[in-house]
Amino acid sequence: MNDRLLSLLGLARKAGKVVFGRDCAAEAVRKKQAKLLLLASDLSPKSKKEMEFLGQNGRVPVCQVPYTMLQLGAATANRAGIYTIVDAGFAKALQALQPENTAAPAL
């Protein structure tokens with residue numbers, strides 16, 4: 001278990017650099033604010049496919065992390081399956097912890 005990823009994600013949330021959910025992710029990508037899309041391991045296949053498509057079209061990296069929505073929710077105090085990082089520094093650090101799961105261009 002990669003507790004560093006959960007800790008860093010919690011820190012990004014406290015800093016206000018994370019938005020939650022599909023609609024907020026789509027808006028952040030559209031506004032070119034999204035730097036990284038993180039997907040929970042138990043996200044539905046349909047939602048995963050939608051986010052991968054959104055990430056590819058918006059040129060935003062997409063990573064599926066090995067944590068469930070419940071585990072991610074415990075780290076961030078917001079239970080969701082899609083986490084959008086809107087800060088380049090946090091995005092780069094989080095992506096470095098999951099380099100093999102990138103489904104869109106790197107930062």
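1. To start with the overall layout: the chain has 5 helices and 4 strands, and this is a predicted model, so please read every point below in that light. From the N terminus on, the order of elements is α-β-α-β-α-β-α-β-α. Of the 107 residues, 43% count as buried. The accessible surface of the chain comes to about 5,700 Å², and carbon and sulfur atoms hold 52% of that surface.

2. A word on contacts across the sequence. Among contacts in the chain with a separation of 6 or more, 81% are between residues 24 or more positions apart. The points on strands and helices below give some examples.

3. Strand 4 is a good place to begin looking. How is strand 1 joined to strand 4? The two run antiparallel, with 3 bridges between them, and valine 18 has isoleucine 85 of strand 4 as its bridge partner. Strand 2 (residues 36-39) also runs antiparallel to strand 4, joined to it by 4 bridges. In that pairing, leucine 39 stands opposite isoleucine 82.

4. Strand 2 has a further partner. It runs parallel to strand 3 (residues 62-64), and 3 bridges join them. Here leucine 39 stands opposite glutamine 64. Leucine 39 therefore has a residue opposite it in strand 4, isoleucine 82, as well as glutamine 64 in strand 3.

5. Now for the two faces of these strands. In a regular strand the side chains alternate between the two faces of the sheet. In strand 2, Leu36 and Leu38 lie on one side and Leu37 and Leu39 on the other, and all are buried, with both faces covered. Strand 4 has Ile82 and Thr84 pointing one way and Tyr83 and Ile85 the other way, and all are buried.

6. Threonine 84 of strand 4 deserves a look of its own. Is this residue buried or exposed? Threonine 84 is buried, with a relative accessible area of 0%. Leaving aside neighbours within four places in sequence, its contacts are Lys17, Val18, Val19, Ala25, Ala28, Ala34, Leu36 and Leu37. Two of these, Ala25 and Ala28, appear again among the buried residues of helix 2.

7. There is 1 aromatic pair in the structure. Phenylalanine 20 and tyrosine 83 form it in an edge-to-face arrangement, with 5.2 Å centre to centre and 80° between the planes. Phenylalanine 20 belongs to strand 1 (residues 18-20) and tyrosine 83 to strand 4 (residues 82-85), so the pair links distant parts of the chain, 63 residues apart. Both rings belong to buried residues.

8. Helix 2 (residues 22-30) has Ala25, Ala28 and Val29 as its buried residues. They lie on the same side of helix 2, because they cover an arc of only 100° around the axis. An α-helix has 3.6 residues a turn, so residues three or four places apart point the same way. The face turned away from the buried side carries the exposed residues Asp23 and Arg30. The cover over the buried residues includes strand 1, strand 2, helix 3 (45-58) and strand 4. After helix 2 comes lysine 32, with a positive phi near 60°.

9. Helix 4 (residues 69-76) can be read in a similar manner. Which of its residues are buried? They are Met69, Leu72, Gly73 and Thr76. Because they cover an arc of only 105° around the axis, they sit on the same side of helix 4. Leu70 and Ala74 are exposed on the other side. Among the elements covering the buried residues are helix 1 (3-14), strand 1 and strand 4. Helix 4 is followed by alanine 77, whose phi is positive, near 65°.

10. Finally, the cysteines. How many disulfides does a search of the whole structure find? The answer is 0. A disulfide is a covalent bond between the sulfur atoms of two cysteines. Cysteine 24 is partly exposed, at a relative accessible area of 37%, whereas cysteine 63 counts as buried because its relative accessibility is 0%.

Conventions:
Residues are numbered from 1 along each chain as its sequence is written. This is a predicted model: local features need pLDDT of at least 70, side-chain atom pairs count only at pLDDT 80 or more; totals for chains, interfaces and linings use all residues. Side-chain values use heavy atoms; hydrogens and water are left out. Buried means under 20% relative accessible area, exposed over 50%, partly exposed in between (1.4 Å probe, protein chains only). Contact means heavy atoms within 4.5 Å. Accessible areas come from the Shrake-Rupley method with a 1.4 Å probe; for residues, only the protein chains shown count as cover. A disulfide is a pair of cysteine sulfur atoms within 2.5 Å. Rings of Phe, Tyr and Trp (its six-membered ring) pair if their centres lie within 6.5 Å; planes under 30 degrees apart count as stacked, over 60 as edge-to-face and the rest as tilted. Two strands pair if DSSP finds at least two bridges between them. The arc is that of the directions from the helix axis to the C-beta atoms.
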